[in-house]
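Here are some short exercises to work through with the model open beside you. Try each task yourself, then compare your steps with the solution.

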Amino acid sequence: MAIAIFILRLVVCALAFPVYVLHFLGLWNWFCKKWFPYFMVKFSVMYNEQMASKKRELFSTLQEFAGPSGKLSLLEVGCGTGTNFKFYPPGCRVTCVDPNPNFEKFLIKSVAENRHLQFEQFVVAAGENMHQVADGSVDVVVCTLVLCSVKNQEQTLREVCRVLRPRKMSSENQWPAVEDEAQLSRLIRKSRDSPFVPVGIAGFLSVVSYGLYKLKYRRNQKMSIHLIHMRVAAQGFVVGAVTIGVLYSMYKDYIKPRFFSASKK
């Protein structure tokens with residue numbers, strides 16, 4: 001086992017060696033900023049294919065946040081190549097913020113492909129410091145696949161609150177009810193999307209409860225042996241449920257769509 005781990009470490013070090021060399025020479029950041037947009041162009045196509053329905057659902061209510069003029073002013077933080085452009089409502093005025101200036105030429109191409117938008121400007125800045133964007137100047141802020149990579153999430157969210165135009169709430173007690181409802185609906189949605197997770201948890205608790213109940217009826221069996229059997233049974237139930245869940249997700253997300261799309265053709 002130790003030899004296998006040593007070999008795996010050597011393989012990982014060999015694969016990561018070019019990264020260490022570029023970082024040592026001070027070229028890694030330049031390399032990432034230069035070539036990352038080309039990767040995102042390919043990745044965004046596949047990503048939109050998988051997330052198109054969800055994005056249409058999430059962005060379908062954007063026009064409701066339009067200002068008194070009726071035009072929606074939108075700021076996208078971490079815009080990348082403009083992956084979200086085609087999901088924005090017509091006439092939307094879009095300002096883009098990204099720390100990588102190499103995305104600009106890809107943004108121009110995305111704007112040309114989405115004539116229903118009104119492109120305002122491209123600001124080269126990090127999410128933590130968007131001082132080029134005025135206070136309370138936008139109706140909506142969009143950021144996808146961004147907050148997981150920023151250096152300071154709290155500062156980024158402060159900047160988002162700063163640039164958003166203030167809106168009046170109809171009731172002071174509106175937020176807690178909406179938040180509780182969102183949490184409940186999120187739990188139900190996740191249980192429907194991954195039904196084998198709650199099944200695995202319920203099975204684990206059932207096996208453990210039964211094992212503890214049978215503890216006083218073990219007769220001459222040692223307690224350690226009984227606990228080992230209970231643990232193996234509980235873990236086996238969870239692993240089995242997770243495995244079935246993974247196979248079900250693969251069928252639902254990859255096999256089933258391809259099969260039905262091929263049959264329609």
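**Exercise 1.** Work out whether cysteine 143 is buried, partly exposed or exposed in this predicted model.

*Solution.*
- Start with the value: cysteine 143 has a relative accessible area of 32%.
- Next, recall the cut-offs: buried means under 20%, and exposed means over 50%.
- Cysteine 143 is therefore partly exposed.

**Exercise 2.** Find out how many disulfides the whole structure has, then look at cysteine 96 and cysteine 143.

*Solution.*
- The search of the whole structure gives zero disulfides.
- For cysteine 96, the nearest cysteine sulfur belongs to cysteine 79 and is 4.1 Å away. A disulfide needs two cysteine sulfur atoms within 2.5 Å, and cysteine 96 is in no disulfide.
- For cysteine 143, the nearest cysteine sulfur is that of cysteine 148, at 9.8 Å. Cysteine 143 is in no disulfide either.
- Now add the surroundings of cysteine 96: with a relative accessible area of 0%, this residue is buried.

**Exercise 3.** Describe where serine 44 sits and which residues it touches.

*Solution.*
- Locate it first: serine 44 belongs to helix 2, which covers residues 28-59.
- Then check accessibility: the relative accessible area of serine 44 is 9%, so this serine is buried.
- Finally, look for contacts, leaving out residues up to four places away in sequence: serine 44 touches Thr81 and Thr83.

**Exercise 4.** Say how many aromatic pairs the whole structure has, and classify the pair of phenylalanine 39 and phenylalanine 43.

*Solution.*
- The search of the whole structure finds five aromatic pairs.
- In the pair of phenylalanine 39 and phenylalanine 43, the ring centres are 5.8 Å apart and the planes meet at 15°. Planes under 30 degrees apart count as stacked, so this pair is stacked.
- Why are these two separated by about one helical turn? Because phenylalanine 39 and phenylalanine 43 are four residues apart in helix 2.
- Both are partly exposed: phenylalanine 39 has 48% relative accessibility, and phenylalanine 43 has 28%.
- One more partner joins in: Phe39, Phe43 and Tyr47 form one aromatic cluster.

**Exercise 5.** Classify the aromatic pair of phenylalanine 85 and tyrosine 88, and decide whether its members are buried or exposed.

*Solution.*
- The centres of phenylalanine 85 and tyrosine 88 lie 6.3 Å apart, with 45° between the planes.
- That angle makes the pair tilted.
- Phenylalanine 85 and tyrosine 88 are both buried.

Conventions: Residues numbered from 1 in each chain as written. Predicted model: local features only at pLDDT ≥ 70, side-chain atom pairs only at ≥ 80, totals over all residues. Heavy atoms only, no water. Buried < 20%, exposed > 50% of the residue type's maximum accessible area, 1.4 Å probe, protein only. Contact = heavy atoms within 4.5 Å. Phe/Tyr/Trp six-rings, centres within 6.5 Å; stacked < 30°, edge-to-face > 60°.
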